[in-house]
Amino acid sequence: MSLAGTDAAAASGFAPSFGDIPTMGVHWINRTRMQDAAQTDAPDHLLFARIGGRDSLVGVAYAFRGPVDANMPKLFESPLATWHDHPGLGGGSGNTLHMLHVWFVPSPYGPFAGNNFLLPFLTAGRALPNPCWLQSASDVSRFELVATLVDMLHRRADSTAVTNDRSGRRGRLGAVGARRGVATMLDELATRVAPQLAAMDTASRAGDRAAWERHADNLVTSLRPGERRLVEGVRDRLKGIQSSTAGQRRRGRQ
């Protein structure tokens, strides 16, 4: 059975958990499969995101609970296929939740990355910047900040549409309203940065790295101190979700 749709996923024992997480989408989990040994052809997580008006399967994940220094299953013949872990989801007794993502959509840090910072562009219907443009730490920092802002503005616009049109309540997964002060800030910010975002879309479609970086820099520098702190805080929390108790040495011991 194809699991490319949420109805099929539900019929096969998967159910959504955690809500719609920026850079990851919604995790649909088959808890029965999680009790079995990890198998390449039987992922226990499906990752769905709302793209182009439909819930799209954007990736899968494998997970199991165990000690931090557990031997990681080698599911793929790639040095990029490294597991991360979530200590807070380990279920106690010193265990952690080990997880490996596999992306079916473009991912700037490879197909096995924990976070996919291109996903906000996809869900917002924006043109994708070329991951090859990320050549330095400053490139990565700017890109992640822009991606986080794109997601925040899209969620705010989507939650407003849901509020104004009750028939849209089943629209984007996880769409929620913001606190009034933050909502007002995001609404004003959306209007102010709209020209830069449109210009970045044009640059992405044209493959014009210099133009994309110029408009991205203009966008970032236009953020007021409170706006920048808000966006950076969200970005840091997203990256913190993927922080791991396990060192690279253990990850490499396949």
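**Exercise 1. Decide whether F143 is buried or exposed in this predicted model, and characterise the ring pair in which F143 takes part.**

*Solution.* Begin with the accessibility: F143 has a relative accessible area of 2%, and since the cut-off for a buried residue is under 20%, F143 counts as buried. Apply the same test to F121, whose relative accessible area is 3%, so that F121 is buried as well. Next, turn to the geometry, for which a pair of aromatic rings is described by the distance of the centres and the angle of the planes. The structure holds seven aromatic pairs. One of them joins W28 and F48, with 5.7 Å from centre to centre and 65° between the planes, which makes the pair edge-to-face. In the pair of F121 and F143, the centres are 6.0 Å apart and the planes stand at 5°, so this pair is stacked. Finally, place the two residues in the chain: F121 belongs to helix 3 (residues 119-123) and F143 to helix 4 (residues 137-164), so the pair ties together parts that lie 22 residues apart in sequence.

**Exercise 2. State which strands pair with strand 4 (residues 54-67), and decide how far strand 4 is enclosed by the rest of the structure.**

*Solution.* Take strand 3 as one partner: strand 3 and strand 4 pair in the antiparallel sense over seven bridges, and within this pairing A49 stands opposite S56 in strand 4. The hairpin of these two strands has two residues between them, and G52 in that hairpin takes a positive phi near 60°. Then take strand 6 (residues 95-103), which pairs with strand 4 in the antiparallel sense over nine bridges, with R65 standing opposite L97 in strand 6. For the enclosure, count the buried positions: 10 of the 14 residues of strand 4 are buried, so the strand is largely enclosed by the rest of the structure.

**Exercise 3. Compare T23 and S93 by their phi values, their places in the chain and their accessibility.**

*Solution.* Recall the background: most residues other than glycine have a negative phi. T23 nevertheless has a positive phi, near 70°, and S93 likewise has a positive phi, near 60°. As to place, T23 sits in the loop between strand 1 (15-21) and strand 2, while S93 is found in the loop between strand 5 (84-86) and strand 6. The accessibility then separates the two, for T23 counts as buried at 3% relative accessibility, whereas S93 counts as exposed at 76%.

**Exercise 4. Establish which parts of the predicted chain have a pLDDT under 50, and how they should be read.**

*Solution.* Start from the chain as a whole, where the mean pLDDT is 88 and 88% of the residues reach 70 or more. Proceed to the elements: helix 6 (residues 209-222) has the highest mean pLDDT, 98, and helix 8 (residues 248-251) the lowest, 41. Then look at the segments: pLDDT stays under 50 over residues 162-177, for which the model has 21 contacts beyond four places in sequence. It also stays under 50 over residues 248-254, with 18 such contacts in the model. The reading follows a general rule: where pLDDT is low, the predicted coordinates should not be read in detail.

Conventions: Residues are numbered from 1 along each chain as its sequence is written. This is a predicted model: local features need pLDDT of at least 70, side-chain atom pairs count only at pLDDT 80 or more; totals for chains, interfaces and linings use all residues. Side-chain values use heavy atoms; hydrogens and water are left out. pLDDT is the predictor's confidence in each residue, from 0 to 100. Helices (H or I, at least four residues) and strands (E, at least two) are DSSP runs, numbered from the N terminus. Contact means heavy atoms within 4.5 Å. Rings of Phe, Tyr and Trp (its six-membered ring) pair if their centres lie within 6.5 Å; planes under 30 degrees apart count as stacked, over 60 as edge-to-face and the rest as tilted. Buried means under 20% relative accessible area, exposed over 50%, partly exposed in between (1.4 Å probe, protein chains only). Two strands pair if DSSP finds at least two bridges between them.
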